[in-house]
Amino acid sequence: MERLSRTMSSLGFFLLLVFGWTHSQKTNHTRPVFKCGGTLTGDSGFVGSEDFPTYYKPNSKCTWYITVPEGNVVTLSFRIFDLEADTLCRYDFVDIYNGHSNTAEKLGRFCGTFRPGTIISTSNTMMLQMESDSGTGGRGFLAQFIGAKPHLNEQQFCGGKMTKPQGSIKTPNWPEKNYPPGISCSWLITVDPDKVIEVKFNKFDVERDVYCRFDYVVFYNGGDRDDSRRIGKYCGDKAPEPFVTNSNVLLVQFVSDQSVTSDGFLATYFSVPSGHTIQPGSHVHSLPTVPQLAPSPSPKPVTTTTTTTTTAAHKRQPVNPNHPAKPPNRRPESGRNPLCPQKCKRAGSIKMSFCSSQFVITGTITASSLASQGRLVATVSIIKAYKDGGLTISQVGKTMTVKMVLNCRTCPVIRRGQNYILMGQVDEDGHGILPAGSFTALYKPSHHKILTGLNNRPCESPRRNI
């Protein structure tokens, strides 16, 4: 959040220096004026939420249509991102589509204050649609689009055209160290016309997220044409199952955002006869791709990118939006852990939870690991402790850390590298316990005043919820 504040303070200077502005926006001779939607064409340009960098309007819906020259794809990189945070992006959000229609494949839905990774289309068009509700808002977003060749040659640093009957693809820096943040790579694999392509993963470790919003690798049948279909989108530390394309062309795109990175992946592809199937016993550990979500009864339905799988090894059914994605061929989370509810939601307001919780802290999730019985253990670097409740606090240098145990590893939703308000109970070992309904929320510096006020007043004093 401090990084965001510093960026915003220098935004005026940034706008003056770097804008090569498209003719679809008007200028006031000092900085661009961002409208609600529009048509943007050219080799490159910038797109921003209405009235950026001032707060965007409530109850609005804006649509931007981006077109770059034929033969290129659109790469969209966010410079600033500040929308209302919600784990399911139900209130304020930006949807990005792989074409000029909301019937085209959705490349992602984003909200909060964490910048998404670079988004890449498979054609020369892309559409952004931003919606806001009547409540809390933010400063919106600023992004740059560039028309780029998705693949150049096999010797380039990241990605390239590959025409050999067998080869491998890997993330930059593999295997010496983690892949870098803020990159996008694109490989186009083409084999003989009468062949198809089999892909197997040797190693796989990409930052985990329920919906693979931040770092991910995605595979398309058919290359970068408008009719290309997605095979799967993957993240996490379990290797996807092998798969076979339905044509002789495969497009692979890897994206990392500006924060947490991991080891990366190494995958091998083979040219095989058409009709080839995966041999039994040849698969490795599987990981679900982004789920297709059923309609939500809420006023603002939650949707995420739909994964279309074209091989028998990857058949998935729609899931309820209130359930995080689960690995296939495994018992449901509720079967392993009865403490996981059907709906992952907070049980009370910030004031009610403050009074009933033994500890209240703000901190950064620095690490997480799976534990027995479907639980998750997270390490939290403390920003501020308002109530410690007997937490066992460890000090390494100037950093104070605590351990948090989530009884249900998928609820509440927390993510490494982000700052949270955390409230819960303390066990006999001094570990923080976060039940499924405990109060957690993305932390902003402005919340410090609210939490300090709650800490200094009796619990009977009414406070506004956040």
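In the predicted model considered here, Val218 has Lys233, a residue of strand S17, as its bridge partner. Strands S16 and S17, to which this part of the description belongs, pair in the antiparallel sense over 5 bridges. These two strands are part of an open sheet of 5 strands, which follow one another in the order S12-S14-S19-S16-S17 with mixed pairing. At the edges of the sheet stand strand S12 (160-162) and S17, each of which pairs on one side only. Direction ignored, neighbouring strands of this sheet are turned against each other by 15 degrees on average.

Val218 and Lys233 also appear in the lining of the second largest cavity, together with Leu107, Ile119, Ile120, Tyr216, Tyr220, Arg230, Gln253 and Val255. The elements that contribute two or more residues to this lining are strand S9 (119-120), strand S16 (216-221), strand S17 (229-234) and strand S19 (249-255), and the largest share, 3 residues, comes from S16. The space enclosed by the second largest cavity amounts to about 80 Å³, and the residues of its lining divide by class into 7 nonpolar, 1 polar and 2 charged.

Across the whole structure, a search finds 5 cavities of 30 Å³ or more. The largest of these has a volume of about 200 Å³, and of the 16 residues that line it, those closest to its centre are Asp86, Arg213, Phe214, Gln418 and Leu442. The lining of the largest cavity comprises 9 nonpolar, 3 polar and 4 charged residues.

Aromatic contacts form a further part of the picture, with 14 aromatic pairs in the structure. In one of them, the rings of Tyr179 and Phe254 have their centres 5.0 Å apart and their planes at 80 degrees, so the pair is classed as edge-to-face. Because Tyr179 lies in the loop between strand S13 (166-170) and strand S14 (184-190), whereas Phe254 belongs to strand S19, this pair ties together parts that are 75 residues apart in sequence. Both Tyr179 and Phe254 are buried. The rings of Phe201 and Phe265 likewise make an edge-to-face pair, because their centres are 6.1 Å apart and their planes stand at 70 degrees. Phe201 is placed in strand S15 (residues 195-205) and Phe265 in strand S20 (residues 264-273), so that the pair ties together parts 64 residues apart in sequence; Phe201 and Phe265 are both buried. These four residues belong to one aromatic cluster, which is formed by Tyr179, Trp187, Phe201, Phe204, Phe219, Tyr234, Phe243, Phe254 and Phe265.

Methods: Residues are numbered from 1 along each chain as its sequence is written. This is a predicted model: local features need pLDDT of at least 70, side-chain atom pairs count only at pLDDT 80 or more; totals for chains, interfaces and linings use all residues. Side-chain values use heavy atoms; hydrogens and water are left out. On a 1 Å grid over the protein atoms alone, a cavity is a set of points where a 1.4 Å probe fits but cannot get out, and a pocket is an open set with protein on both sides within 12 Å along at least five of seven lines; lining residues have an atom within 4 Å of a point. Grid points are joined across faces, edges and corners, and a volume is the space filled by probe spheres set on the points. Ala, Val, Leu, Ile, Met, Phe, Trp, Tyr, Cys and Pro count as nonpolar, Asp, Glu, Lys and Arg as charged, and the others, Gly among them, as polar. Helices (H or I, at least four residues) and strands (E, at least two) are DSSP runs, numbered from the N terminus. Two strands pair if DSSP finds at least two bridges between them. Axes are lines fitted to C-alpha atoms, for helices over the stretch in contact, and angles run from 0 to 180 degrees between N-to-C directions. Rings of Phe, Tyr and Trp (its six-membered ring) pair if their centres lie within 6.5 Å; planes under 30 degrees apart count as stacked, over 60 as edge-to-face and the rest as tilted. Buried means under 20% relative accessible area, exposed over 50%, partly exposed in between (1.4 Å probe, protein chains only).
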